[in-house]
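This report introduces one structure to a reader who has not met it before. Please keep the sequence and the model in view while reading.

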Amino acid sequence: MKREDNGYLDLKHISHETGGFISANKNIFNNINLTKNAKYILEESIKGTPIIKIGNNYPKVMIVAGIHGNELAPQISALNLIDQIYDLNLLGTVYIIPFACPKASMMNSRYFDGGDLNRLAHKEGSISNLILKKAKELEVEAIGDFHSTAPNSNPGKEGVFCSEVPTMGSFNMAEFISKVTGSEKIVYQSAGIPFKGALEDESNLEGIPAVTCEVLSAIGYANERICNRSILQMKSFLQYFGLFDNYIEY
């Protein structure tokens, strides 16, 4: 089993400055399956940014959702993914952060303390920077950062952002995810250009291959179809590293 002896998930907090009542955001809460795991994570999110560990072997990877609190589908999907894989015999370890900033998710806001966390991963003390530091501390081999994008915004379509420099691992992950899901691969030659401070870019610059996966959704909104697209991206990210056998349901 991949749970603590007390029957709950292996959950810790990255920050206690970010706590929020996720249930106050009805567009998230009304789309959640209130399983034992989900209830526990919601309770712990009041205390701050939760990180859940599933598995005990290599490779080790990280899934992040909620860097933008008003991009709902990936956050809901991360909870669903935890329920689907927490008791599998994973061929590796996945760290899942379903709510990067629970307070922003509670408020259905893109921002936390006036800042865009996906432009602050290089700033000491920011939540996204703390997530990146945790990834380095845990020696994860890759990060998947999951978002949604509104029509007529950037990119305004389902896609997978990646770069070729300084690590081709980012490009290779994106190519695989794109083939599995049909999400468009969006390639930038160098990390940090033009998105300085994005978690994906700063991770790549630190030598941890990363991608940003986007599903198409109105901001502050989610439904089952959109969540299914996001969880498909997450599962393909894990499948790239061979963390589970092919029997997992897509």
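A residue is called buried when its relative accessible area is under 20%. The model described here is predicted.

By that definition, the buried residues of helix 6 are Gly 169, Ser 170, Phe 171, Met 173, Ala 174, Ile 177, Ser 178 and Thr 181. These buried residues pack against strand 5, strand 6, strand 7, helix 7 (199-205), strand 8 and helix 8. Helix 6 covers residues 168-181, and its 14 residues should span 20 Å at 1.5 Å a residue; the end C-alpha atoms are 20 Å apart, so the expected and computed spans agree. At the start of helix 6, a side-chain oxygen of Thr 167 comes to within 3.0 Å of the backbone nitrogen of Gly 169. Just after helix 6, Gly 182 has a positive phi of about 85°.

The sheet comes next. Eight strands make up an open sheet with mixed pairing, in the order 1-2-4-3-5-8-6-7. Its edges are strand 1 (10-15) and strand 7 (184-190), each of which pairs on one side only. On average, neighbouring strands of this sheet are turned by 25° against each other, direction ignored. Strands of a sheet pair through backbone hydrogen bonds, in either a parallel or an antiparallel sense. The antiparallel sense applies to strand 6 (residues 159-165) and strand 8 (residues 210-216), which pair over three bridges. The bridge partner of Gly 159 in strand 8 is Glu 214.

Two helices that contact strands of the sheet are set out below.

| Helix | Strands in contact | Direction |
|---|---|---|
| Helix 3 (residues 72-85) | strand 2 (49-55), strand 3 (60-65), strand 4 (93-97), strand 5 (142-149), strand 8 | about 145° with strand 4 |
| Helix 8 (residues 224-240) | strand 3, strand 4, strand 5, strand 6, strand 8 | about 160° to strand 8 |

One residue of the loop between strand 3 and helix 3 deserves separate mention: Glu 71. Is Glu 71 buried or exposed? Its relative accessible area is 5%; because the limit for a buried residue is under 20%, Glu 71 counts as buried. The side chain of Glu 71 reaches the backbone nitrogen of Ser 148 at 3.1 Å. Leaving aside residues up to four places away in sequence, Glu 71 touches Arg 110, His 147, Ser 148 and Ile 219.

Key
Residues numbered from 1 in each chain as written. Predicted model: local features only at pLDDT ≥ 70, side-chain atom pairs only at ≥ 80, totals over all residues. Heavy atoms only, no water. Pairing = 2+ DSSP bridges. Helix = DSSP H or I, 4+ residues; strand = E, 2+ residues; numbered from the N terminus. Axes fitted to C-alpha atoms, helices over the stretch in contact; angles between N-to-C directions. Contact = heavy atoms within 4.5 Å. Buried < 20%, exposed > 50% of the residue type's maximum accessible area, 1.4 Å probe, protein only. Polar contact = N/O pair within 3.5 Å; in protein donor to acceptor, adjacent residues only side chain to side chain. Expected span 1.5 Å × (residues − 1).
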